[in-house]
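Please find below a colleague's note on the structure under review. The points are set out in numbered order.

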Amino acid sequence: MKTLLHFIKDESGNGVIDYCLLSCLISAGLIGPLKLIGQRLSIVFMTIANALVIQ
């Protein structure tokens, strides 16, 4: 809690920019792999759904 109050009271503004850049880099690093995992999971579920179709 003490560090949060210090972060809010920080008048230099450098901390905010640093955290924004850090969160952007983390997001950019995660979007690609998560997109591929999502596509593979979609294929798996479509295969399962097609196998369960009763004709």
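1. The model is a predicted one. Its accessible surface amounts to about 5300 Å², and carbon and sulfur atoms account for 72% of that area. Of the 55 residues in the protein, 2% count as buried.

2. As to secondary structure, the protein contains two helices and zero strands. Helix H2 covers residues 14-51, which is 38 residues. From the first C-alpha of H2 to its last, the helix reaches 55 Å, close to the 56 Å expected at 1.5 Å a residue.

3. Helix H2 nevertheless carries a bend of about 25° at Ile-31. A proline, Pro-33, follows Ile-31 within four residues.

4. A nonpolar patch of about 1100 Å² lies on the surface. The residues that make this patch are Tyr-19, Leu-22, Ile-26, Leu-30, Leu-34, Ile-37, Leu-41, Val-44, Phe-45, Ile-48 and Leu-52. One of them, Ile-48, has its place in helix H2. Is Ile-48 buried or exposed? With a relative accessible area of 43%, Ile-48 is partly exposed, because that value falls between the 20% limit for buried residues and the 50% limit for exposed ones.

5. How many disulfides does the structure hold? The count is zero. The cysteine sulfur closest to that of Cys-20 belongs to Cys-24, at 6.6 Å, which is too far for a bond. Seen from Cys-24, the closest cysteine sulfur is that of Cys-20, again at 6.6 Å. A disulfide requires the two sulfur atoms to be within 2.5 Å, so the pair Cys-20 and Cys-24 does not qualify. Cys-20 is also partly exposed, its relative accessible area being 42%.

Terms used: Residues are numbered from 1 along each chain as its sequence is written. This is a predicted model: local features need pLDDT of at least 70, side-chain atom pairs count only at pLDDT 80 or more; totals for chains, interfaces and linings use all residues. Side-chain values use heavy atoms; hydrogens and water are left out. Buried means under 20% relative accessible area, exposed over 50%, partly exposed in between (1.4 Å probe, protein chains only). The expected span of a helix is 1.5 Å times one less than its number of residues. The bend at a residue is the angle between axes fitted to the seven residues ending there and the seven starting there. Accessible areas come from the Shrake-Rupley method with a 1.4 Å probe; for residues, only the protein chains shown count as cover. Patches are made of residues with over 30% relative accessible area and no salt bridge: like charges are joined within 9 Å, nonpolar side chains (Val, Leu, Ile, Met, Phe, Trp, Tyr) within 5 Å. A salt bridge is a side-chain nitrogen of Lys or Arg within 4 Å of a carboxyl oxygen of Asp or Glu.
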